[in-house]
Number of protein chains: 2
Amino acid sequence: MRYVDVAIIGGGAAGMSAASRIKVLRSDWNVMVFEKTSFVSHAPCGIPFYVSGFFEHFEELCTYDINHFRNERGIDVHTGAKVVEVSEGAIIVEENSKEKLYEWDKLLFATGAKAKRLDVKNDELEGVVYVDEILSAERIKRLALKSEKVAIIGSGYIGVEMADAISRLGKEVTVIEILERPLPEYDAEIAAILKSEMEKIVDLRLSERVIAFEGKDRVERVITDKGEYKCDLAIVAVGVAPNIELAKKLVKLGKSGAISTNSKMETSKEDIYAAGDCAETINIVTGKPDWIHLATPANKTGYVAGVNMAGYELNYPGSVKCQITSFYNVEIGKAGLSEYEAIREGYEVVSAFVTTKSSAKYFQDGLIHLKVVADRSGRVLGVQAAGKGVGMRIYGATALLYKKADVRDLFFADFPYYPPVSRVWDPLVVAARNLFRKLGMP
Amino acid sequence: MRYVDVAIIGGGAAGMSAASRIKVLRSDWNVMVFEKTSFVSHAPCGIPFYVSGFFEHFEELCTYDINHFRNERGIDVHTGAKVVEVSEGAIIVEENSKEKLYEWDKLLFATGAKAKRLDVKNDELEGVVYVDEILSAERIKRLALKSEKVAIIGSGYIGVEMADAISRLGKEVTVIEILERPLPEYDAEIAAILKSEMEKIVDLRLSERVIAFEGKDRVERVITDKGEYKCDLAIVAVGVAPNIELAKKLVKLGKSGAISTNSKMETSKEDIYAAGDCAETINIVTGKPDWIHLATPANKTGYVAGVNMAGYELNYPGSVKCQITSFYNVEIGKAGLSEYEAIREGYEVVSAFVTTKSSAKYFQDGLIHLKVVADRSGRVLGVQAAGKGVGMRIYGATALLYKKADVRDLFFADFPYYPPVSRVWDPLVVAARNLFRKLGMP
């Protein structure tokens, strides 16, 4: 048995951010991180770029090296350390095939999320793979390079980015999505821009449900309710779920299924914290608990947990839920709610959809399609965009949503004009003016 | 004598925005615009891109055609119409070499700004030109194409952009700046990035004062207090001043020398409004009157003036003062105050200067240098950046400054992570964390 001041389960973004923060504030504390893989600060967002060949060594997916945490930051990192049981004040860890008991004073769950299983016939066939921990990057790339045809099941962010990556390797890609549009969390007008770009590059199958895989020794076909598609590799990216197996007996879960936390990242039990993709936090737009499993909130909730675990105070305000990505020539991004999400949350909404050039008219830089959703009082609920110059507008939009802006703020926020990249009436401002009309403002 | 409901002096961004707004809200009103040139909605921000050849016809610098305003919007646009006198209730306009009297019910000054004269020996020599109205674009391009060596006096935004444009034409460019850095409204750390890029392309002469031009029939040399530089063309861009000749006898000017306005864009006299580059408005960061002569505020103050002139109410909140530009591979941008400006305004400041990659480490996308200035209470006063990915960060920063954000907001605002263009700890967030330390926050 060994005593530690702080035990952290999971060495990803949240866990390592918390550990780092605690050691800055309490350098004499013993902070131990238990990570079941051999990697820490693993950042799986980069997997598609490794697969498509933007860089060569998948180890670069780790933001920092383990030795950096051990030597520079004084964190006691245990890799290959699988936590098998957690109770109040103690955990049991399987390390080097032995079970060890550690007593802790404070505990952080930073167990992340895991890929949802598809649960169809023959889903255990060789060549059916999931995108989760970073080791899968190496495996997917190796298999993709040997394949002619690759099927991707699911067209959320991971599915879309993998479709981009694998088509760049010169492979024939079929993307199968159960809903009627790619990136289904976007509204139809915005997703349509992506859809038309995807259809140029891949075989995009919408509103199709995968019912089985087939093959002799390994996967040869994906079978859906509408057809069948040959493939040498099937990549499944049908969503993720919080990793709460260890936590669920000990602390309360929220409605989303993730661990319920307050603004200090405390769980329902004293001295037990949660951060990152296993934790439920506040959606700043709705003000309600939400499960926002993204890299930047993971780092920030880890940071906040670390500050509070160290005995200082910092409150996490929640997250707007903001993402950007791209598929070939279409950039796409979203901050806050889409219209259908807002309606589902009970808002009475107005929305504006505008298509303009992203830059001054004499630059050939392409169009941006932008949608702003607001409630009847004029509060902005969400911004989505597709096309060119999306990143800038989403940076502006997320900052305004964070500060609970209304359409007047969207109109008057001082977005800069530089003819090669923006417009004197920014697309965000044009959308705001459009909403003025719909809200009966002058 | 003729009666008009609304007389607008100046057909640029502010004037045409106001006129358009009034006609939307009061379609039966007679709205007359007096523009001394033959162009309306002229947008001189694009001049450098015309000069460098991004587009062929300088008329494209006009956002809309005159006929659009006349036929689609019902605005009575008079071009070649020089207002020679303004009094309460009436103006005298020189049109087709005749003076005409118009009586007005409401008046808008939208007279813009003019290039400051250099006022040195021989500054009237042929080949010494100013960048002001859009006709100068055509002239500068014509002269530049015939030149071997071009001198640019001044390295504010216009000087820097003209240096970029003219060097792209293959001409030898000398830039002469009286202060010790280019874009002197930026702090030295940020301007240094631009300086080193400019030095690769042009002969950059800092801390030199132009004292004369020399030449027989036309300019052949620029003489400074430190040397002399051969040139076939000298472009003077040493700042601008509000065009208030007509207004100054009638309405109050502010400290800045521009026309004093309230949030409805009303001047000191009833029924007389001012908008655009001739008007003084509020700087949102300082809360004080300021002269912010930029294209987007010009359009918005015009819009606000139009709403209020039409008898509705809309208040202009002021401007953060936000700009972006670039010189070859260096993007540069600023929202709010630089450190020296903040100190001059009386703030006790802290600042953070960070240099990081703009994207994930495995992308070769270059560095961003970013400086954030805050006051001792943590309120953010300004953000400056140079390098790659500047536009996105300045869009985010300007929105936060508009909403009077503090360093905690800067840390928690939900900037998106997408490895090819951003980082999991965004440079803005890294700077915020750095300021936490300096402000003694955990």
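Select E331(A) and show its surroundings: leaving out residues up to four places away in sequence, E331(A) touches I324(A), S326(A), G387(A), K388(A), V390(A) and G391(A). Keep in mind from the start that this is a predicted model.

**Stop 1: around E331(A)**

Colour the strand that carries this residue. E331(A) lies in β22 of chain A, which covers residues 330-336. Is E331(A) buried or exposed? Count C-beta atoms inside 10 Å: there are 27 neighbours, so E331(A) counts as buried, the cut-off being 20 or more. Now add E341(A) to the selection and draw a C-alpha to C-alpha distance. The two residues are 10 apart in sequence and 21 Å apart in space.

**Stop 2: the hairpin of β4(A) and β5(A)**

Move to residues 81-87 of chain A, which form β4, and residues 90-95, which form β5. These strands pair in the antiparallel sense, over six bridges. Show V83(A) as sticks. Which residue stands opposite V83(A)? Look across to β5(A): the residue there is V93(A). Then go to the turn. Two residues sit between the strands of this hairpin. Pick G89(A) and check its backbone: phi is positive, near 90 degrees.

**Stop 3: a three-stranded sheet**

Next, select β12, β13 and β14 of chain A. They form an open sheet in that order, with antiparallel pairing. Strands of a sheet pair through backbone hydrogen bonds, so switch those on here. Which strands are at the edges? They are β12 (210-214) and β14 (228-230) of chain A, each pairing on one side only. Look along the sheet for its twist, which averages 20 degrees from one strand to the next.

Zoom in on β13(A), residues 221-224. Three bridges join β13(A) to β14(A) in the antiparallel sense. Label R221(A) and find its partner in β14(A): K230(A) stands opposite.

**Stop 4: chain A as a whole**

Zoom out and show chain A as a cartoon. Its secondary structure comes to 11 helices and 25 strands. The radius of gyration is 23 Å, close to the 22 Å that the globule rule gives for 442 residues, so chain A is as compact as a globular protein of that length. Orient the view on the principal axes: the C-alpha atoms fill a box of roughly 70 × 55 × 40 Å.

Colour by burial next. Of the 442 residues in chain A, 55% are buried. A contact map adds another view. Take the contacts in chain A between residues at least 6 apart in sequence: 64% of them join residues at least 24 apart.

**Stop 5: where chain B touches chain A**

Bring in chain B. How many residues of chain B are in contact with chain A? The count is 54, and they meet 54 residues of chain A. On the chain B side, select α1 (13-25), α7 (295-309), β21 (322-327), α9 (390-402) and α10 (407-412), the elements that give two or more residues each. Highlight α9(B), which supplies the largest share, 10 residues. Colour this side of chain B by class: 37 residues are nonpolar, 10 are polar and seven are charged.

**Stop 6: the symmetry**

Finally, superpose the copies. Chain B can be laid on chain A with an RMSD of 0.0 Å, by a turn of 180 degrees and a shift of 0.0 Å along the axis. That is the relation of a two-fold axis. Select the contact residues of both chains to finish: the same surface serves both copies, and 100% of the contact residues of chain B recur in chain A.

Technical notes. Residues are numbered from 1 along each chain as its sequence is written. Chains are lettered from A and ligands numbered from 1 in the order in which they are written. This is a predicted model: local features need pLDDT of at least 70, side-chain atom pairs count only at pLDDT 80 or more; totals for chains, interfaces and linings use all residues. Helices (H or I, at least four residues) and strands (E, at least two) are DSSP runs, numbered from the N terminus. The radius of gyration is taken over C-alpha atoms; the globule rule is 2.2 Å times the number of residues to the power 0.38. A residue is buried if 20 or more other C-beta atoms lie within 10 Å of its own, exposed if 12 or fewer, and partly exposed in between; C-beta atoms are placed from the backbone. Two residues are in contact if their C-beta atoms, placed from the backbone, lie within 7 Å. Two strands pair if DSSP finds at least two bridges between them. Ala, Val, Leu, Ile, Met, Phe, Trp, Tyr, Cys and Pro count as nonpolar, Asp, Glu, Lys and Arg as charged, and the others, Gly among them, as polar. Axes are lines fitted to C-alpha atoms, for helices over the stretch in contact, and angles run from 0 to 180 degrees between N-to-C directions. Copies are superposed by least squares on the C-alpha atoms of residues with pLDDT of at least 70 in both.
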